Amino acid sequence: MAVTLADVKVNLHDDTKKGVIDEFIKGDYIFSNIPFEFIANPITGGAGWTASYTYVKEESKTGFRDINGKYTDSEAKQDVKNAEVKVYGGSFTIDRALRDQGGVENIVAFQMKQKIKALRKGFSYELINGQKASDSKSFDGLDTLLKQASTEVDTQGFDLSTFEKVKENALEFASKMNDFLSLLSGKPDAILGNATLINKIKLIAKILGLGTETQSQAGNFVGTWNGGIPLVELGVYDNKETIPIDGGKTSLYAVRFGEDGLEVLSPSRGGAIDAILPDFTQANEQARGLVELRGVPVIRNSKACGVLRNIKIQ
């Protein structure tokens, strides 16, 4: 069964890990909503974890029949896929001499918060841009997973580059957006974009009277698209847009979370998130702290997520 990090926290007895999960959830729409499913099993020889999961590539169909008639048989089609859990995180050190100056607890708390913040942003970056082909330690992100999918749409440079173009093309963009969303197997839980695109979409929603605000689990107010779909800005990681702008063009992603949508597979014995505080009782010159996430994002249904490509925003 897939659960959110908030659900994971309820069953924890380690106060440190509870605090770490709080930092993951706080102000982050992705980590507040994406579910984790603990089904990955150890690979023989201690090489990590792997999981087999079902992928629905074609949904079942229904229809009418005449009295004394028959239905046309149709079956849902699925594949069994495999995914390898990846380990993503970081560490830091604090010199033990600083412990004797007082206030080391504040230094530890600061470093842990900054590391968790970097992990959140970095994982979101990989969720979009990860490529196993270029980095075996990584996983395939949505950009790769959605290539040549039935829910991949090329706008061929639809122009939202200036304020005038946004006003001029607002209605047509809304039509393209709604056509795109109709390709999905259900209402998405979020529309993901970079700050520039999300701000333009919010303006279009305001022009057309389609925009509202909703409150996230973390208590933040998030702008929404027609029907209350949250517009989520993924921001910047390591001075790079999480959703890149290339030649003035960018992409927009629509995602539906769940066991039949986008989720993260993690080790079957738990431990999706691990955290170790620096231990100054050990005989080392520097004490080391660490935070990591163990998981691999997968899409369980071919129409649970989609991408709208080549939107001109500059």
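Good morning. I shall begin with one residue, Gln148, which lies in the loop between α5 and β6. Please keep in mind throughout that this is a predicted model.

What is the sign of phi at Gln148? It is positive, near 65°, in a residue other than glycine. As background, most residues other than glycine have a negative phi. Is Gln148 buried or exposed? Its relative accessibility is 79%, so Gln148 counts as exposed.

Asn239 offers a second case. This residue sits in the loop between β11, residues 236-237, and β12, residues 240-241. Asn239 is not a glycine, yet its phi is positive, at about 65°. Its relative accessibility is 79%, and Asn239 therefore counts as exposed.

Let us return to the loop between α5 and β6, where we also find Thr151. Here α5 covers residues 142-145 and β6 covers residues 152-159. Is Thr151 buried or exposed? Thr151 has a relative accessible area of 0%, so it is buried. Which residues does Thr151 contact, leaving aside its neighbours within four places in sequence? They are Leu146, Phe180, Leu183, Leu184, Ser302, Lys303, Cys305, Gly306 and Val307.

Leu145 belongs to helix α5 itself. With 37% relative accessibility, Leu145 counts as partly exposed, because that category lies between the 20% limit for buried and the 50% limit for exposed. If we leave aside neighbours within four places in sequence, Leu145 is in contact with Asp140 and Ile299. The C-alpha atoms of Leu145 and Ser302 are separated by 9.8 Å, although these residues are 157 apart along the chain.

Phe64 and Ile43 give another pair to consider. They are 21 residues apart in sequence, and their C-alpha atoms are 48 Å apart in space. Phe64 is placed in the loop between β3, residues 49-58, and β4, residues 77-84. At 89% relative accessibility, Phe64 counts as exposed.

With these residues in mind, we may consider the chain as a whole. How many helices and strands does its secondary structure contain? There are 7 helices and 17 strands. The C-alpha atoms fill a box of roughly 80 × 55 × 35 Å, taken along the principal axes. The chain has 314 residues, and buried residues make up 43% of them. Among contacts between residues at least 6 apart in sequence, 74% join residues at least 24 apart.

I turn now to the helices, and to α7 in particular. Helix α7 runs through residues 195-208, which is 14 residues. What span should we expect for α7? At 1.5 Å a residue, α7 should span 20 Å, and its end C-alpha atoms are indeed 20 Å apart, which agrees. The buried residues in α7 are Leu197, Ile198, Lys200, Ile201, Ile204 and Ala205. Seen down the axis of α7, these buried residues fall within an arc of 160°, so they line one face of the helix. A general point helps here: an α-helix has 3.6 residues a turn, so residues three or four places apart point the same way. After α7 comes Gly209, whose phi is positive, near 70°.

How are two packed helices described? One gives the angle between their axes and the distance between the axes. Helix α6, residues 163-181, packs with α7 at an angle of about 80°, and their axes are 9 Å apart. That angle makes α6 roughly perpendicular to α7. On the side of α6, the contact is made by Phe163, Val166, Lys167, Ala170, Leu171, Phe173, Ala174 and Met177. On the side of α7, it is made by Lys200, Ile201, Leu203, Ile204, Ile207 and Leu208.

The next pair is α2, residues 15-25, and α4, residues 104-129. Their axes come within 9 Å and cross at roughly 50°. α2 is therefore oblique to α4. The crossing in which α2 passes α4 is right-handed. Which residues meet in this pair? Val20, Glu23 and Phe24 in α2 meet Met112, Lys113, Ile116, Leu119 and Arg120 in α4.

I close with Thr4, in the loop between β1, residues 2-3, and α1, residues 5-10. Thr4 has 17% relative accessibility and the limit for buried is under 20%, so Thr4 counts as buried. Not counting residues up to four places away in sequence, Thr4 touches Ser32, Asn33, Ile34 and Pro35. Thank you for your attention.

Notes
Residues are numbered from 1 along each chain as its sequence is written. This is a predicted model: local features need pLDDT of at least 70, side-chain atom pairs count only at pLDDT 80 or more; totals for chains, interfaces and linings use all residues. Side-chain values use heavy atoms; hydrogens and water are left out. Helices (H or I, at least four residues) and strands (E, at least two) are DSSP runs, numbered from the N terminus. The expected span of a helix is 1.5 Å times one less than its number of residues. Buried means under 20% relative accessible area, exposed over 50%, partly exposed in between (1.4 Å probe, protein chains only). The arc is that of the directions from the helix axis to the C-beta atoms. Axes are lines fitted to C-alpha atoms, for helices over the stretch in contact, and angles run from 0 to 180 degrees between N-to-C directions. Angles under 35 degrees count as roughly parallel, over 145 as roughly antiparallel, 65 to 115 as roughly perpendicular and the rest as oblique. A crossing is left-handed if the near helix is turned anticlockwise from the far one by less than a right angle, and right-handed if clockwise. Contact means heavy atoms within 4.5 Å.
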